[in-house]
Amino acid sequence: MCQIIRGVQRQGYSRDQLLLRAKHERDRPSLSRDKLRKKTVTSTSADGLMPFHAMEILKRAKAIEASGRTVCHLEVGEPGSPPAPRVIEAVAKALPQAQGYTNAKGLAELREGLAGYYAHQHGVAVDPDAILATMGSSAGFIIAFHAAFKPGARIAITRPGYPAYVNTLLGLGFAIAEIPVTAENGWKLTGADIVAAHAAEPFDGMLFASPANPTGAAVDREQMGDIVVTCKRLGVRLISDEIYHGLDYRGPSVSALELTREAIVINSFSKYYCMTGWRIGWMVLPDELVRRAEILQQNLFISAPTLSQIAATVALGEREYSEQQKAGYAANRGLLNDGLASLGFHMGSPSDGAFYAYADISRFSNDSMSFCEAMLDEAGVAATPGVDFDRVGGNRYVRFSYAGKQETVDVALERMRAFLK
């Protein structure tokens, strides 16, 4: 056991974190419902890698659907609508010719369009040469980590947070420092949180998302400024994950670029533009990292998919369509939050942004994995266990996505009502 703890400590987890997790597994009380008593063993590799449980649940849901049953999909953050019609038309027109690689940085038209996006949406001037089109935000994170940090560097992330942050960093040989955020503080990160965590366990980078996955928490301009200034004072490189920008329900999304040119900004067409399967995103880089990131792109990915770049260029001009989809999410947001609260889930205010409800299930279970499996198998409702986002306290939470159609949310709530009786 000590050897295992020391091995995982080298990947970024403290001994106290590991002992807390072990104690939780040993002392965890029995589940309150017979149907949830079956424990699920979650496989973890020696370096801390774990499955992406949202995708594991999706795979299980697809198998159920193949057997002839229906499933309400609330597990993945995937818009229920296709891209704008003009996007599809442009790709169909380009298909016979768009077969080759593009420049490693991406099509000039796309990067110029993105520069225009920052000028119009955020009031900042961005050089198109500082923009790199990527194979979704996932490739952007890989390039960012290797471009900005030396091997073995420690990167801070919030907990709960997107599971691919942890697994990608560990898989690439980086270490992590987790900064817990709480429901009591609206799941928001503060400069004081960063200072305290850095004092306890120094780190080289800070990866921060607003709006965040799974909580939907978003910061305003003042709060973003606090994070930017704190990272600069500590000598910590900020990576701003802005893939849910446009999906703020309280006001305009705030980009780190409005406050600094030293941050790496990563964004994607997946969420706001309804293009998850197209695997197209982008990153904006500080001047000193542009060439290194371009070289990494050349060697790791060559270029982002040509057809997806063409689609993305057109999508930038289709914000009216995206705003129509956002209106649907906003309606689902209130419907799901109120519905879950009426069923007995502990809910705070509806999420600030993105399209998720992060629900406390402690009234029903203290094992979110078993809860989600039972709810899928017996009720045909797919949701993501909180252990995907928080390996310490996520056993008490489940993430529900409201990115789909309203009828899916309505049916899911009725099925859960019967399941929880």
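User: Happy to be looking at this one with you! How many cavities of 30 Å³ or more does a search of the whole structure find?

Analyst: Glad to help, and please keep in mind that this is a predicted model. Rolling a probe the size of a water molecule over the atoms shows where empty space is left. With 30 Å³ as the lower limit, the search of the whole structure gives a count of two.

User: Which residues are the closest to the centre of the largest cavity?

Analyst: The largest cavity holds about 130 Å³ of space. Its lining is made of 18 residues, which divide by class into 12 nonpolar, five polar and one charged. The closest to the centre are T158, W187, F208, A209 and A212.

User: And how much space lies in the second largest cavity?

Analyst: This cavity is lined by 18 residues, and P163, V166, D388, F389 and R391 are the closest to its centre. Strand β3 (154-159) and helix α7 (163-171) each supply at least two of the lining residues. By class, the lining has nine nonpolar, four polar and five charged residues. The space inside comes to about 100 Å³.

User: Let's turn to the pockets. Which element gives the largest share of the lining of the second largest pocket?

Analyst: The second largest pocket has about 560 Å³ of space. Of its 30 lining residues, T182, A183, W187, Y358 and Y397 are the closest to the centre. The lining divides into 13 nonpolar, 10 polar and seven charged residues. The largest share, four residues, comes from strand β9 (residues 356-360).

User: W187 keeps turning up. Is W187 buried or exposed?

Analyst: W187 sits in the loop between β4 (175-180) and α8 (191-200). Leaving aside neighbours within four places in sequence, W187 is in contact with P160, V181, T182, T215, A217, Y358 and Y397. The cut-off for buried is under 20% relative accessible area. W187 has a relative accessibility of 17%, so this residue counts as buried.

User: What is the phi of W187?

Analyst: W187 is not a glycine, and yet its phi is positive. In space, the C-alpha of W187 is 9.9 Å from that of V219, with their positions 32 residues apart in sequence. The phi of W187 is about 65°.

User: Which other residue, in the loop between β7 (264-268) and β8 (281-284), has a positive phi although it is not a glycine?

Analyst: The residue lies in the loop between β7 and β8. Its relative accessibility is 6%, so it counts as buried. The phi is about 60°, and the residue is C274.

User: Where is the cis peptide bond with omega of about -5°?

Analyst: The loop between β5 (205-209) and α9 (221-234) holds P211, and P214 is found in the loop between β5 and α9 as well. The peptide bond from N213 to P214 is cis, with omega near 20°. The cis bond with omega of about -5° joins S210 and P211.

User: How many disulfides does the count come to?

Analyst: A disulfide is a covalent bond between the sulfur atoms of two cysteines. The cut-off here is a pair of cysteine sulfur atoms within 2.5 Å. Among the cysteines, C72 is buried at 5% relative accessibility, and C231 is buried at 1%. By the distance rule, the count of disulfides is zero.

User: Which helix gives the most to the largest nonpolar core?

Analyst: In soluble globular proteins, nonpolar side chains tend to be buried together. Here the largest core has 97 residues, and M206, F269, F345, F400 and M416 touch the most other members. The helix that gives the most to this core supplies seven residues, and it is α13 (residues 368-379).

User: What does M416 touch, not counting residues up to four places away in sequence?

Analyst: M416 is among the members of the largest core that touch the most others. With residues up to four places away left out, the residues it touches are L340, L343, F345, M375, V381 and F400.

User: One last thing: is D352 buried or exposed?

Analyst: D352 lies in the loop between α12 (319-343) and β9. Beyond its neighbours within four places in sequence, D352 is in contact with K188, G216, A217, A218, L247, D248, Y249 and R250. Its relative accessible area is 11%, so D352 is buried.

Definitions and conventions:
Residues are numbered from 1 along each chain as its sequence is written. This is a predicted model: local features need pLDDT of at least 70, side-chain atom pairs count only at pLDDT 80 or more; totals for chains, interfaces and linings use all residues. Side-chain values use heavy atoms; hydrogens and water are left out. A nonpolar core is a set of buried Ala, Val, Leu, Ile, Met, Phe, Trp, Tyr and Cys residues joined through side-chain atoms within 4.5 Å. Buried means under 20% relative accessible area, exposed over 50%, partly exposed in between (1.4 Å probe, protein chains only). Contact means heavy atoms within 4.5 Å. On a 1 Å grid over the protein atoms alone, a cavity is a set of points where a 1.4 Å probe fits but cannot get out, and a pocket is an open set with protein on both sides within 12 Å along at least five of seven lines; lining residues have an atom within 4 Å of a point. Grid points are joined across faces, edges and corners, and a volume is the space filled by probe spheres set on the points. Ala, Val, Leu, Ile, Met, Phe, Trp, Tyr, Cys and Pro count as nonpolar, Asp, Glu, Lys and Arg as charged, and the others, Gly among them, as polar.
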